[in-house]
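Subject: Structure handover and notes

Dear colleague,

I am passing on the structure that we talked about, together with some notes on what turned up in it. Please open it alongside this message and follow the residues as you read.

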Amino acid sequence: MDVMSGPYVIRGSVSLPEAELIWRFSRSSGPGGQHVNTSDSQVELRFDLARTEALPEVWKARALDRLASRLVGGVLSVRASEHRSQWRNRETAAVRLASLLAEATAPPPRARRATKIPRGINERRLREKKQRAQTKKGRSGQDW
């Protein structure tokens, strides 16, 4: 397993450009026993969202707006340390970044079209409401 299973597709034909990904490795605090003290298995993946040319301008603007709270100087950062192997953490971080960008660049949902409640349905609701009120009124012992 020397080759990563990329390219990581964001949506359609747009994928994460390998050249623009910045990887950083450090010691993880997760599982691994004695091995954890000697290997740099935690992965931090950084992607410069503000300067990238890989995304269409509309997507880029959308992502910058939606991910504003997560960005530090226009750079999006993702960490992974769940697995013992650096390799699997790299895969996890890349997939996480791709899905984050896919969600952030998605088009906004369609505006809801207001609809009017049909008169018949409204009348039936009011009729049933009156009937229920009559039933409850009949339970009180005031007419005895």
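Leu16 is a good place to begin: leaving out residues up to four places away in sequence, Leu16 touches Tyr8, Ile10, Leu21, Phe47, Ala94, Leu97, Ala98 and Leu101, where contact means heavy atoms within 4.5 Å.

Before going further, please keep in mind that this is a predicted model, in which local features need pLDDT of at least 70 and side-chain atom pairs count only at pLDDT 80 or more, while totals for chains, interfaces and linings use all residues. Residues are numbered from 1 along each chain as its sequence is written, and side-chain values use heavy atoms, with hydrogens and water left out.

Leu16 is also one of the residues that touch the most other members of the largest nonpolar core, a group of 26 residues in which Ile10, Leu49, Leu67, Leu97 and Leu101 share that distinction. Such a core is a set of buried Ala, Val, Leu, Ile, Met, Phe, Trp, Tyr and Cys residues joined through side-chain atoms within 4.5 Å, and buried means under 20% relative accessible area, with a 1.4 Å probe and protein chains only. Strand 3, strand 4, helix 1 (57-66), strand 5 and helix 2 each supply at least two residues of the core, and helix 2 gives the most, with 8 residues. Helices (H or I, at least four residues) and strands (E, at least two) are DSSP runs, numbered from the N terminus.

Leu67, another of these core residues, sits in the loop between helix 1 and strand 5, and Leu67 counts as buried because its relative accessibility is 7%. Apart from neighbours within four places in sequence, Leu67 is in contact with Leu49, Leu76, Leu100, Leu101 and Ala104.

Turning to the sheet, we find an open one of 3 strands in the order 3-4-5, with antiparallel pairing, where two strands pair if DSSP finds at least two bridges between them. Strand 3 (21-26) and strand 5 (75-80) stand at the edges with a single partner strand each, so one side of each has no neighbour in the sheet. Strand 4 (residues 42-48) is joined to strand 5 by 6 bridges, and Arg46 stands opposite Ser77 in strand 5.

Finally, Gln42 lies in strand 4 and counts as buried because its relative accessibility is 16%.

With best wishes

Key
Buried < 20%, exposed > 50% of the residue type's maximum accessible area, 1.4 Å probe, protein only.
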